Amino acid sequence: MKWARFIAGGKQFTGYLDNTVIRAVKGDMFSDNWSETGETFFPDKVTFLAPCQPTKVVCIGLNYRDHAAEMKMDLPEEPIIFLKPPSSVIGHGGEIVHPGWIGRMDYEAELVAVIGRRTKHATDENAGGSIFGYTCGNDVTARSLQKKDGQWARAKSFDTFCPLGPWIDTELDAANAAISLDVNGELKQQSTTAQLVFNPAQLVVLLSRVMTLEPGDVILTGTPSGVGPLQKGDTVTVRIEGIGELVNSVT
């Protein structure tokens, strides 16, 4: 199933994609406690919100072999972990705001794992069951500030710097899905999740040793090679095979 959150007619809804329409539901998508309302909507007639409301956005750096090679860096022995605040999250179709004073601002296409149940101390055997599904993400980064600060908190944390969407796919096989990004129709990043150093289930095991993962929390699993700058007026599109397209404009 593909789950979305959206606004239609001034009201907020949760629903799942059924062929060409979204069927609205009441209740919690992360449990069996939901039912259809009978309302249906066409995807091109709604305003998409981020498909979930994370209490935390956990990100993994240098997690693609091709990106590590691009950066001329050794593969990490353990995941490089950082956080983005929930206030950075926007949905498909939302605007990424480029603060004029920050210098270079980069795109980073990412496969995003969405947690579906409260998880602490997951094991190799049960970690996969904690993942509700996957969505597309863009880890927008103030690259100039990242280099200046020597750590990543400020550069990653601006409002609108974490587009997610358009929906959560609960049936994706994340082992070898194509991932790409284009800016204004020009291909910039192209890889596959087979290039991941640590796969999503491994990340759940490692992260849940550190922090309790709650339903709706997200793990941005890293970006492949080809990162580069965004300018005001650009349209940036993240594509992941089996999920779809996350499109945002830069203002």
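# A guided tour, from loop to core

Select asparagine 19, which sits in the loop between β2 (11-18) and β3 (21-27). The model on screen is predicted. Asparagine 19 has a positive phi, near 60°, although the residue is not glycine. Buried or exposed is the next thing to ask of asparagine 19. Asparagine 19 counts as exposed because its relative accessibility is 69%, and the cut-off for that label is over 50%.

**Whole chain**

Zoom out and show the cartoon. The secondary structure comes to four helices and 20 strands. The radius of gyration is 17 Å, close to the 18 Å that the globule rule gives for 251 residues, so the protein is as compact as a globular protein of that length. Along the principal axes, the C-alpha trace spans about 55 × 45 × 30 Å. Colour by accessibility: buried residues account for 54% of the 251. Now consider contacts between residues at least 6 apart in sequence. Of these, 71% join residues at least 24 apart.

**Threonine 160**

Go to threonine 160, in the loop between α3 (153-156) and β14. Here too phi is positive in a residue other than glycine, near 80°. Threonine 160 counts as buried because its relative accessibility is 11%, and the limit for buried is under 20%.

**Strand β14**

Move on to strand β14, residues 162-169, and pick out tryptophan 167. Proline 166 is also found in β14. Check the peptide bond between glycine 165 and proline 166: this bond is cis, with omega about 5°.

Now show the side chain of tryptophan 167. At 14% relative accessibility, tryptophan 167 counts as buried. Its side chain reaches the backbone oxygen of isoleucine 243 at 2.9 Å. Which residues does tryptophan 167 contact, leaving aside neighbours within four places in sequence? The set is Lys2, Trp3, Ala4, Leu17, Phe48, Pro51, Tyr134, Thr135 and Ile243. Add a C-alpha distance to leucine 49. The two residues are 118 apart along the chain, and their C-alpha atoms are separated by 9.0 Å.

**Helix α4**

Select residues 200-208, helix α4; its buried residues are Pro200, Leu203, Val204, Val205, Leu207 and Ser208. An α-helix has 3.6 residues a turn, so residues three or four places apart point the same way. Which elements take part in covering the buried residues of α4? They include β6 (57-61), β7 (80-84), β11 (109-115), β12 (131-138) and β17 (218-220).

Look at the N-terminal end of α4, which asparagine 199 caps. A side-chain oxygen of asparagine 199 lies 3.1 Å from the backbone nitrogen of alanine 201.

Next is proline 200, in α4. Proline 200 counts as buried, at 6% relative accessibility. Not counting residues up to four places away in sequence, proline 200 touches Leu111, Ala113, Ile131, Tyr134, Ala174 and Thr221. Proline 224 is 24 residues from proline 200 in sequence and 15 Å away in space, C-alpha to C-alpha.

**Isoleucine 60**

Cross to strand β6 and select isoleucine 60. At 2% relative accessibility, isoleucine 60 counts as buried. Beyond four places in sequence, the contacts of isoleucine 60 include Leu203 and Leu207, both buried residues of α4. Isoleucine 60 also contacts Pro79, Ile80, Ile81, Phe82, Ile219, Leu220, Thr221 and Gly222. The C-alpha atoms of isoleucine 60 and proline 79 are 6.3 Å apart, with their positions 19 residues apart along the chain.

**Largest pocket**

Switch on the surface. The largest pocket has a volume of about 420 Å³. Of its 24 lining residues, those closest to the centre are His67, Met71, Arg143, Gln146 and Trp152. β6, β7 and α2 (143-149) each give two or more residues to the lining. The largest share is from α2, with three residues. By type, the lining divides into eight nonpolar, eight polar and eight charged residues.

**Glutamate 108**

From Arg143, step to glutamate 108: their side chains make a polar contact at 2.7 Å. Glutamate 108 is placed in the loop between β10 (105-107) and β11. At 6% relative accessibility, glutamate 108 counts as buried. Leaving aside neighbours within four places, the residues in contact with glutamate 108 are Gly137, Asn138, Asp139, Thr141, Arg143, Lys156, Gln189, Thr223 and Val227.

Definitions and conventions: Residues numbered from 1 in each chain as written. Predicted model: local features only at pLDDT ≥ 70, side-chain atom pairs only at ≥ 80, totals over all residues. Heavy atoms only, no water. Buried < 20%, exposed > 50% of the residue type's maximum accessible area, 1.4 Å probe, protein only. Contact = heavy atoms within 4.5 Å. Polar contact = N/O pair within 3.5 Å; in protein donor to acceptor, adjacent residues only side chain to side chain. 1 Å grid on protein atoms, 1.4 Å probe; cavity = no way out; pocket = protein on both sides within 12 Å on 5 of 7 lines; lining within 4 Å. Points joined across faces, edges and corners; volume = space filled by probe spheres on them. Nonpolar A, V, L, I, M, F, W, Y, C, P; charged D, E, K, R; others polar. Rg over C-alpha atoms; globule rule 2.2 N^0.38 Å.
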